[in-house]
Amino acid sequence: MHPGPWTEDEFFALGECINRVELLDGGLWVSPGPHMSHQAIAYRLHRLMEEAAGAAGLMVYRAINLRIQADTILIPDVVVVDDRVPPSICAEAGDTALVAEILSPSSTTMDRVTKRHIYAAARIDWYLLVDPGLPDYQEVKLTLCRRNGDSYVEAATAKGDEPLVFEQPFAVEIHPRPLSR
Amino acid sequence: MTDAKLDHPAPYTEAEYFALGVTDARIELIDGSLWSSPSPGMPHQGICWQVLTALLPGARAAGLRGVMTINLRLGPERVLNPDVVVGQWDRLGLFAEASGIALVAEVGSPHTTCVDRLLKRHLYAAAGIDWYLLVEPALPDWATVTVRLLHREGDQYVEAAVAQPGETLVSAEPFPFEMHTTDLLDF
């Protein structure tokens with residue numbers, strides 16, 4: 001292709017790929033296709049949050065394009081956005097209440113370190129980190145982070161049968177155990 | 001990066017990564033994902049050369065080698081291309097192993113991203129590389145440069161020495177060297 005920085009237009013022109021491809025400051029981050037268990041967790045999380053999010057005027061999506069800034073477009077596993085925003089090819093960080101990322105073997109450091117920094121710097125107030133218990137996806141641990149300035153602090157964690165209790169950005173309890181098979 | 005690289009559902013292995021060979025874009029392998037970063041421009045490459053030149057006399061005297069932009073294997077399915085490395089490796093090999101590296105250096109650029117600043121720093125520390133030299137040019141004009149030498153403590157780096165624009169970084173470790181910030185701009 002080309003050695004120069006990738007623009008948003010070029011990124012969107014890639015269209016659908018088997019790999020998850022994200023744009024980061026003009027570079028491309030190419031991840032393997034997600035594991036079926038990873039996708040199952042994302043789906044269950046979506047379902048568990050949907051009603052409570054709706055009651056708060058928010059909409060839950062999975063794996064949509066999220067513009068962080070010009071030439072940075074990520075594809076978080078779960079995104080909760082203001083439901084007044086008309087759906088389009090790309091959501092904006094400014095309309096986003098919460099992002100969730102589910103760790104995978106290829107994304108662990110990226111999700112824990114880099115993306116955590118990026119989402120906080122983009123002023124997304126809530127970051128839910130889902131540790132699915134690699135490599136078997138059997139024991140899910142949830143960590144909810146709340147934004148404090150341009151970084152996150154841990155607000156709550158839960159595993160097994162303990163519920164993760166949210167008050168913000170919407171009121172819900174999520175039990176980790178049913179997220180895994 | 002060609003489209004074919006984007007239709008590869010399984011994690012990239014080291015073998016597949018090396019089989020990519022020489023590519024148009026700079027591509028690195030991180031835990032089965034590929035990171036394709038914009039190729040650096042002339043000032044960045046010029047400074048890398050000046051950094052290597054400053055490190056080589058001390059490195060050689062300590063029985064070490066120095067080189068720019070090689071494959072550095074940090075672990076299984078983790079291969080990065082740091083701007084400068086100093087250490088020992090198989091001279092005829094395809095890559096260097098992290099265990100042989102005394103110091104890794106990165107030069108900032110307009111496209112030094114969160115991946116470069118955060119992820120790589122984390123990965124170099126996790127690989128046990130004791131010394132990390134960060135060269136930070138003032139952007140966008142490249143008129144001055146700041147140099148920071150970081151030392152690994154556990155899985156983090158802490159600042160051991162810093163040279164502001166116009167100053168000289170002097171260190172006894174990992175081998176005695178001096179780096180004049182003004183010389184770095186003589187590219």
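A salt bridge is a side-chain nitrogen of Lys or Arg within 4 Å of a carboxyl oxygen of Asp or Glu. The exercises below concern a predicted model.

**Exercise 1. Describe the interface of chain B and chain A.**

Task: State how many salt bridges the rule finds across the interface of chain B and chain A, and describe the contact.

Solution.

Step 1. Apply the definition above: across the interface of chain B and chain A, the rule finds zero salt bridges.

Step 2. Turn to the other polar pairs. Between chain B and chain A, 10 residue pairs are in polar contact, with both residues at pLDDT 80 or more.

Step 3. Identify the elements involved on one side. In chain B, β2 (33-37) and α3 (114-126) each supply at least two residues of the side that touches chain A. The largest share of that side, seven residues, comes from α3(B).

Step 4. Classify the residues. The side of chain B that touches chain A divides into 15 nonpolar, 10 polar and seven charged residues.

Step 5. Consider the extent of the contact. Chain B contributes 32 residues and chain A contributes 29 residues. Between them the two chains bury about 2,500 Å², and 62% of this is on carbon and sulfur atoms.

**Exercise 2. Examine the strands that join the two chains.**

Task: Determine how many bridges join strand β2 of chain A to β2(B), and in which direction the strands run.

Solution.

Step 1. Locate the strand of chain A: β2 comprises residues 27-31.

Step 2. Count the bridges. Three of them join this strand to β2(B), and the two strands run antiparallel.

Step 3. Find a facing pair. A:Val30 stands opposite B:Leu34, which belongs to β2(B).

**Exercise 3. Judge the overall form of chain A.**

Task: Compare the radius of gyration of chain A with the value for a compact globule.

Solution.

Step 1. Note the composition: chain A contains three helices and 13 strands.

Step 2. Compare the radii. Because a compact globule of 181 residues would have a radius of gyration near 16 Å, the 16 Å of chain A agrees with it.

Step 3. Add the spans. The C-alpha trace of chain A extends about 50 × 35 × 25 Å along its principal axes.

**Exercise 4. Locate the unusual backbone geometry.**

Task: Which residues does a cis peptide bond join in the loop between β9 and β10 of chain A, and which residue of chain B has a positive phi?

Solution.

Step 1. Recall the background: most residues other than glycine have a negative phi, and most peptide bonds are trans.

Step 2. Inspect chain A. A cis peptide bond joins A:Leu134 and A:Pro135, with omega about 5 degrees. A:Pro135 is in the loop between β9 (126-131) and β10 (141-148).

Step 3. Inspect chain B. B:Thr69 is not a glycine, yet its phi is positive, about 50 degrees. B:Thr69 is in the loop between β3 (65-68) and β4 (72-75) of chain B.

Methods:
Residues are numbered from 1 along each chain as its sequence is written. Chains are lettered from A and ligands numbered from 1 in the order in which they are written. This is a predicted model: local features need pLDDT of at least 70, side-chain atom pairs count only at pLDDT 80 or more; totals for chains, interfaces and linings use all residues. Side-chain values use heavy atoms; hydrogens and water are left out. Contact means heavy atoms within 4.5 Å. Buried area is the accessible area (1.4 Å probe) that two parts lose on being put together, summed over both. A polar contact is a pair of N or O atoms within 3.5 Å; within protein, one must be able to donate a hydrogen and the other to accept it, and residues adjacent in sequence count only if both atoms are side-chain atoms. Helices (H or I, at least four residues) and strands (E, at least two) are DSSP runs, numbered from the N terminus. Ala, Val, Leu, Ile, Met, Phe, Trp, Tyr, Cys and Pro count as nonpolar, Asp, Glu, Lys and Arg as charged, and the others, Gly among them, as polar. Two strands pair if DSSP finds at least two bridges between them. The radius of gyration is taken over C-alpha atoms; the globule rule is 2.2 Å times the number of residues to the power 0.38.
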